[in-house]
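Open the model in a viewer and keep the sequence panel beside it. The tour starts with the whole chain and then moves from selection to selection.

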Amino acid sequence: MNTTEIEVLTARDVPLGGPRAMTVRRTLPQRARTLIGAWCFADHYGPDDVAESGGMDVAPHPHIGLQTVSWLFSGEIEHRDSLGSHAYVRPGELNLMTGGHGISHTEVSTARTTVLHGVQLWVALPGEHRNTARDFQHYAPGTVRVDGADVRVFLGSLAGSSSPVRTFTPLLGAELLIDPGATVTLRTDPSFEHGLLVDTGDVRLADTLLRPAELGYAPTGSDTLTLTNESDAPARAVLLGGTPFEEEIVMWWNFIGRSHEDIAEAREEWEKESDRFGTVDGYPGDRLPAPVLPNARIAPRRNPARR
């Protein structure tokens, strides 16, 4: 893999979750790249002192056509959804929620949280499964030691570790904690494209240096990835991967569809409090209203053509 093959995606700051919003750094989607595998959304936040920021408080809101993947480095988030799930997101533990035909949920950092720090990721569901039933899965992966790094695999397989969590396309999701100055070579599936989101430290992916909050994209075709921690302290990164997602998708607010009409219908049903999304019990406040649709048709997105 040479230097020109790594594409560096930089983050933009966006508010999350309505009037009591916290700021997150978003690297997917963006104009240069919509998806990495079926990964279509990546928010990275913290470390935030919740005494100053107020933490996370996202009122009931809907999803269609996707799975949400919650992964924390520190803090704790209380999750409730219209399937009836009541769970906690804790460091090193995966919460994956499937909102195919429709689901709603809340995310609130708990009183036990002093510093909130983690990632919120979305996976696009393929067309044949985008109206699948609501689901919720929890998994706490063990740590695997490879030369120079600790690896926690929360989706897919890496470094001899495999996650039992069900997905609808081939995926990889793993947290890497790389020793100071260490170089780590990981065997990967050459049919996968990969994205490395750096949390702390400066990490060289192949020959390209990635700084905190940057995401490095590596195309298909390689059976190894080499990472070097250029820092004098441990570096942390999240490795995402999957087979290229060839379908066009329409993304708007919390919805993923295939047409403007899919989105407009879902928005209308949310505003009418349709049974499609169910109700979330236990949240002391109102649900989030949907934004106004744009005047123009929402255009479909896909990745640029592969060279």
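Among contacts (heavy atoms within 4.5 Å) in the protein chain between residues at least 6 apart in sequence, 72% join residues at least 24 apart. This is a predicted model, in which local features need pLDDT of at least 70, side-chain atom pairs count only at pLDDT 80 or more, and totals for chains, interfaces and linings use all residues. Residues are numbered from 1 along each chain as its sequence is written, and side-chain values use heavy atoms, with hydrogens and water left out.

**Whole chain**

Colour by secondary structure: the protein chain has two helices and 26 strands. Helices (H or I, at least four residues) and strands (E, at least two) are DSSP runs, numbered from the N terminus. The radius of gyration of the chain is 19 Å, close to the 19 Å of the globule rule for 307 residues, so the chain is as compact as a globular protein of that length. That radius is taken over C-alpha atoms, and the rule is 2.2 Å times the number of residues to the power 0.38. Along the principal axes, the C-alpha atoms fill a box of roughly 55 × 45 × 35 Å.

Switch to a surface. Its accessible area is about 13000 Å², and 47% of this belongs to carbon and sulfur atoms; the method is Shrake-Rupley with a 1.4 Å probe, and for residues only the protein chains shown count as cover. Of the 307 residues, 55% count as buried. Buried means under 20% relative accessible area, exposed over 50%, and partly exposed in between (1.4 Å probe, protein chains only).

**Strand β10 and its partners**

Select residues 103-109, strand β10: six of its seven residues are buried. Two strands pair if DSSP finds at least two bridges between them. Add β5 (residues 57-63), which pairs with β10 in the antiparallel sense over five bridges. Here aspartate 57 stands opposite valine 108 of β10. Then add β7 (residues 77-81), also antiparallel to β10 over five bridges; arginine 80 has threonine 106 in β10 as its bridge partner.

**Strand β17 and its partners**

Next, select residues 171-178, strand β17, where seven of the eight residues are buried. Strand β14 (residues 149-155) pairs with β17 in the antiparallel sense over six bridges, and valine 151 stands opposite leucine 176 in β17. Strand β24 (residues 235-242) also pairs with β17, antiparallel and over eight bridges. In that pair, leucine 172 has glycine 241 of β24 as its bridge partner.

**Alanine 87**

Go to alanine 87, in strand β8 (residues 86-89). At 13% relative accessibility, alanine 87 counts as buried. Which residues are in contact with alanine 87, leaving aside its neighbours within four places in sequence? They are Ile77, Glu78, His79, Asn95 and Phe136. Draw a distance from alanine 87 to phenylalanine 136: the C-alpha atoms are 9.6 Å apart, with the two positions 49 residues apart along the chain as their separation.

**Tryptophan 253**

Select tryptophan 253, in the loop between β25 (250-252) and β26 (255-257). The residue is partly exposed, with a relative accessible area of 25%. Leaving aside neighbours within four places in sequence, tryptophan 253 is in contact with Pro62, Trp122, Trp270, Leu288, Pro289, Ala290 and Pro291. Valine 108 lies 19 Å from tryptophan 253, C-alpha to C-alpha, and 145 residues away in sequence.

**Backbone exceptions**

Most residues other than glycine have a negative phi, and most peptide bonds are trans. Four places in this chain are worth a look against that background.- Leucine 28 to proline 29: the peptide bond is cis, with omega near -5 degrees. Proline 29 lies in the loop between β3 (22-28) and β4 (39-49).
- Glycine 46 to proline 47: this peptide bond is cis, with omega about 0 degrees. Proline 47 lies in strand β4.
- Alanine 159: phi is positive, about 55 degrees, although the residue is not a glycine. Alanine 159 is in the loop between β15 (157-158) and β16 (161-162) and, at 32% relative accessibility, counts as partly exposed.
- Alanine 213: phi is positive, about 80 degrees, although the residue is not a glycine. Alanine 213 is in the loop between β21 (208-210) and β22 (215-218) and is buried, with a relative accessible area of 13%.
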